[in-house]
Amino acid sequence: MSDPVLSVQAVTRRYGLPRRNLFAAAPVLTAVDNVSFDLAAGQTLGVVGESGSGKSTLARMVMGFERPDSGRILFQGQDIHRLATGDLQQARRRFQMVFQDPFGSLDPRRRVGWSIAEPLRAMGETDTDAQVAEALEQVGLRAGHARSFPHEFSGGQRQRIAIARAIITRPALLVADEAVSALDVSVQAQILNLLMDIQDDLGLAILFISHDLAVVSCVCDTLLVMQGGQVLESGEVSGILQDPGHDYTRTLLSAARLGVS
Amino acid sequence: MIALRGLCVRTGTGHLAVRDVDLTIQAGQRLGVVGESGSGKTMLALSMMGMVPDGLQVEGQVLVDGHSIAAEDERAWRSHRARSVAMIFQEPMAALNPLVRVGDTIAEPLRRHLGLSRRDARARALNLLEETGIPQARRRLDQYPHELSGGQRQRVLIALALACDPQLLIADEPTTALDAQVALRITDLLVRLSQERRMGLLFISHDLAAVSRTTSDIMVMYGGDVVERGRTASVLSAPEHPYTRGLLAARPSLMTRSRRLPTIPGTVPQLNALAAGCRFAGRCARELPICASRRPPLSPTETGQAACHLLGAQA
């Protein structure tokens, strides 16, 4: 097997909580507790868990927004939390993120072409029109859409725009945090297919974070089930679906199952 | 008990957000309403509460125990909302006053509508909280909403909804904001309450798995129309309408990654762009020439009813 695009090694992240008693130590919340995994090019790793399971903290650390207290995060062999700020800026073009609410991540006063070109400008590129047009077509929109404003689009189209912005720098890794959770079922299917098509075209590695086991099982190769910051179980999706090793995974399964036949 | 006859909701621009819905909910019946955003499912629920937003016009009849409530009779609606129907919403925090203790919130309708004394109302509020299975119910009475978890808040709202013994509980996406484990417990609770109290339940959700766990009957809406209805288990296992079929196929099921998901082309159109005939015309893979102009009636199928010209064409 080739070297992983992303290697997360024994990563832990703790938050200090407000002190409850003057004479006692402040309580500490371990949001992510000793988590490790590898993710190879062209592969999708799903992370499922409920709110408070640590899945979003994990995503933020992978994106370099937050530092782990211990452990290492290697992106293409480099420890991203040991890079100088300038080097991290340069490395950023190779990993990008898509969020749940595209409306919140697009500037309502700017034409979407401007927002899509944002990662390129951050790299110091100025001539971006052709790349914006190509990215828009890659996500199933038209080049002319670059001149429209976010409010002119439907929820599904806005998520396509967010994906266009994420792929415009040709990243090696895409982190999708609840990227389809806010969409209607018929639109959700279109966006999931789009993500899989783009993965095939670009050979992307995808870290796919969701609370919905059904969605994860459709798009992911391997799976991490998290609860309270810890990994309850991990492995091939098919194996976990057929033989869940934990009560919590079984609960997620029954929540996602259609109760007929 | 509670019925709709030819119910329409008309927008200010004259478009129909809900078109000709007939519906009866019997005591103890659990009816699921599914559809995507813009399908009219929330408008349908609000029209049963007399709470359709200003600027929208309700046509047709809302019948409670056989008596029609006139749209403008605000007193009748208030008494209807107090005694026969209650509603819970997706975001429980938004429906609770953050400055009022949980016990006082639940006691308010008991004192106002049932005329209970302060002491009796508090005792009854405790009983209601216990009925929803909230842990440490007595302690909760004196807590504020922010001290509770999302699932506990939803239980408080359910207790509040039950305060005046409604005949019908309308639950609009009650589990959408909750984690899977909590959502399972809330749907179990709604089923139990409906059975124990012989209370009707209108369960609105876009989550087909939650609807299949909670309801015995189902109604599928698209663009303001009821396109299919029947027993939940039969409709979900053998859907007849092309939209229901598309929705079920597009839904990620628990399978391992192997292929693309089937999709419904296009998106839910805006109200002003909907076809005059079948509202699904334009997105339907099996469209006939007649579909865009003539509206198909609900006709019997093997599993219930569906509104589709294909049903007539096959016969």
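Two strands count as paired here if DSSP finds at least two bridges between them. With that criterion in hand, this tour moves through a predicted model, beginning in chain B and ending in chain A.

**Stop 1: strands E7 and E8 of chain B**

Select residues 168–172 and 200–205 of chain B, which are strands E7 and E8. These two strands run parallel and are joined by five bridges. Two of the residue pairs may be displayed as sticks. Ile170(B) has Leu202(B) of E8(B) as its bridge partner, and Leu169(B) is matched with Leu201(B) in E8(B).

Is E7(B) enclosed or open to its surroundings? Four of its five residues are buried, so the strand is largely enclosed by the rest of the structure. The threshold behind that statement is 20 or more other C-beta atoms within 10 Å of the residue's own.

Next, add strand E6(B), residues 85–88. E6(B) and E7(B) are parallel and share four bridges; Ile88(B) finds its partner in Ala171(B) of E7(B).

**Stop 2: the whole sheet of chain B**

Extend the selection to the full sheet. It is an open sheet of eight strands in the order E6-E7-E8-E3-E9-E10-E12-E11, and its pairing is mixed. Which strands stand at the edges? They are E6(B) and E11(B), the latter covering residues 298–300. Each has a single partner strand, so one side of each is left without a neighbour in the sheet. From one strand to the next, the twist averages 20 degrees.

**Stop 3: helix H8 of chain B**

Select residues 180–197 of chain B to bring up helix H8. H8(B) lies across three strands of chain B, namely E3 (30–34), E7 and E8. Relative to E8(B), the helix runs at about 155 degrees.

**Stop 4: a helix pair in chain B**

Move to helices H4 (residues 102–114) and H5 (residues 118–131) of chain B. Their axes are 9 Å apart, and the helices pack at an angle of about 115 degrees. The crossing of H4(B) with H5(B) is right-handed. On the H4(B) side, the contact is made by Gly103(B), Ile106(B), Ala107(B), Leu110(B) and Arg111(B). H5(B) contributes Ala121(B), Arg122(B), Arg124(B), Ala125(B) and Leu128(B). Sorted by class, this contact of H4(B) with H5(B) comprises six nonpolar, one polar and three charged residues.

**Stop 5: chain B as a whole**

Display all of chain B, which has 12 helices and 12 strands. Its radius of gyration is 21 Å, close to the 20 Å that the globule rule gives for 315 residues, so chain B is as compact as a globular protein of that length. Along the principal axes, its C-alpha atoms fill a box of roughly 65 × 50 × 30 Å. Buried residues amount to 46% of the 315. Among contacts in chain B with a separation of 6 or more, 63% are between residues 24 or more positions apart.

**Stop 6: where the chains touch**

Show both chains together. How many residues does each chain bring to the contact? Chain B gives 31 residues and chain A gives 36 residues. On the chain B side, the elements giving two or more residues are H8, H9 (208–214), H10 (232–237) and H11 (242–250). This side of chain B has 15 nonpolar, 10 polar and six charged residues.

**Stop 7: chain A and its strand E9**

Hide chain B. Chain A has 10 helices and 10 strands. With a radius of gyration of 19 Å, close to the 18 Å that the globule rule gives for 261 residues, chain A is as compact as a globular protein of that length. Buried residues make up 43% of the chain's 261 residues.

Finally, select residues 222–227 of chain A, strand E9. Five of its six residues are buried, so E9(A) is largely enclosed by the rest of the structure. Strand E3(A), residues 44–48, runs parallel to E9(A) and is joined to it by four bridges, with Leu45(A) partnered by Thr222(A). Strand E10(A), residues 230–236, pairs with E9(A) in the antiparallel sense over six bridges; here Gln227(A) is matched with Gln230(A).

What lies in the turn of the hairpin formed by E9(A) and E10(A)? Two residues separate the strands, and Gly228(A) in the turn has a positive phi of about 55 degrees.

Technical notes. Residues are numbered from 1 along each chain as its sequence is written. Chains are lettered from A and ligands numbered from 1 in the order in which they are written. This is a predicted model: local features need pLDDT of at least 70, side-chain atom pairs count only at pLDDT 80 or more; totals for chains, interfaces and linings use all residues. A residue is buried if 20 or more other C-beta atoms lie within 10 Å of its own, exposed if 12 or fewer, and partly exposed in between; C-beta atoms are placed from the backbone. Axes are lines fitted to C-alpha atoms, for helices over the stretch in contact, and angles run from 0 to 180 degrees between N-to-C directions. Two residues are in contact if their C-beta atoms, placed from the backbone, lie within 7 Å. The radius of gyration is taken over C-alpha atoms; the globule rule is 2.2 Å times the number of residues to the power 0.38. A crossing is left-handed if the near helix is turned anticlockwise from the far one by less than a right angle, and right-handed if clockwise. Ala, Val, Leu, Ile, Met, Phe, Trp, Tyr, Cys and Pro count as nonpolar, Asp, Glu, Lys and Arg as charged, and the others, Gly among them, as polar.
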